[in-house]
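Trainee: I should like a close look at one part of this structure, with each term explained as it arises. Please begin with a single residue and proceed from there to its surroundings.

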Amino acid sequence: MMNKILTLSVVALTLCACTGTQLGLGLGTGSSGVGVGAGMSFPVGQRDVPNDEHYAQNIIDEIYARVGDTRPWAGKLCTLRIAADVEGTVLDVARVGGDENWCERVMMAATSLHTLPPPPAALVDRLQQGLIVDLIPR
């Protein structure tokens with residue numbers, strides 16, 4: 001039984017490692033206005049395009065601007081999936097996980113985003129599927 005659990009865990013970890021990389025700052029580094037480990041998840045290789053990181057940061061900044069004072073939620077995590085079309089029209093915002101109260105505030109801000117700037121060409125498919133956004137205020 002323990003062998004099966006161990007094998008399943010290894011397979012699950014391997015699959016998770018292959019699904020993409022975290023765009024943003026690694027755990028423990030943090031950045032002003034972004035938070036520890038905050039960022040967006042992109043498929044492997046797409047982080048190399050400077051416009052991708054800039055585009056992701058613009059979305060995060062816009063959500064923080066709409067939230068207002070984030071001090072009561074310092075250190076809390078909210079993970080969202082944001083989907084938009086080629087023109088940047090927001091199609092869906094869904095909570096993936098995180099602190100319930102902080103996510104409620106973030107969801108109110110994120111759902112008020114009706115349009116985003118048109119995404120860089122490399123991000124169109126990924127944005128249509130939904131970008132994963134981690135918001136962790138300081």
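**From one loop residue to a helix**

Mentor: Threonine 70 counts as buried because its relative accessible area is 17% (buried means under 20% relative accessible area, exposed over 50% and partly exposed in between, computed with a 1.4 Å probe on protein chains only). The model is a predicted one, in which local features need pLDDT of at least 70 and side-chain atom pairs count only at pLDDT 80 or more, while totals for chains, interfaces and linings use all residues. Residues are numbered from 1 along each chain as its sequence is written, and side-chain values use heavy atoms, with hydrogens and water left out.

Threonine 70 belongs to the loop that joins α2 (50-67) to β3 (helices, H or I of at least four residues, and strands, E of at least two, are DSSP runs numbered from the N terminus). Beyond its neighbours within four places in sequence, threonine 70 is in contact with Tyr64, Trp102, Pro137 and Arg138 (contact means heavy atoms within 4.5 Å).

One of these partners, Trp102, leads us to helix α3, where it is among the buried residues. Helix α3 comprises twelve residues, 100-111, and reaches 16 Å from its first C-alpha to its last, close to the 16 Å expected (the expected span is 1.5 Å times one less than the number of residues). The buried residues of α3 are Trp102, Cys103, Val106, Ala109 and Ala110. They lie on the same side of α3, because they cover an arc of only 125° around the axis (the arc is that of the directions from the helix axis to the C-beta atoms). An α-helix has 3.6 residues a turn, so residues three or four places apart point the same way. The other side of α3 carries the exposed residues Glu100, Asn101, Glu104 and Met108. At the N-terminal end of α3, aspartate 99 acts as a cap, with a side-chain oxygen 3.3 Å from the backbone nitrogen of asparagine 101.

Cysteine 103 deserves separate attention. The structure holds one disulfide, formed by cysteine 78 and cysteine 103 with their sulfur atoms 2.3 Å apart (a disulfide is a pair of cysteine sulfur atoms within 2.5 Å). The pair links distant parts of the chain, 25 residues apart: cysteine 78 stands in strand β3 (residues 78-84) and cysteine 103 in helix α3. The link is right-handed, with 125° about the S-S bond, and both cysteine 78 and cysteine 103 are buried.

Two further residues widen the picture. Isoleucine 60 lies in helix α2 and is buried, because its relative accessible area is 1%. Its C-alpha is 9.4 Å from that of alanine 110, although the two are 50 residues apart in sequence. Valine 133, in strand β5 (residues 131-135), is buried at 0% relative accessibility. Valine 133 and threonine 79 are 5.5 Å apart, C-alpha to C-alpha, and 54 residues apart in sequence.

As for the whole protein, it has four helices and five strands, in the order α-β-β-α-β-β-α-α-β from the N terminus. Of its 138 residues, 38% count as buried. Its mean pLDDT is 73, and 63% of the residues reach 70 or more (pLDDT is the predictor's confidence in each residue, from 0 to 100). Over residues 4-38, pLDDT stays under 50. Over residues 42-47 the pLDDT is also below 50.

Methods. A polar contact is a pair of N or O atoms within 3.5 Å; within protein, one must be able to donate a hydrogen and the other to accept it, and residues adjacent in sequence count only if both atoms are side-chain atoms.
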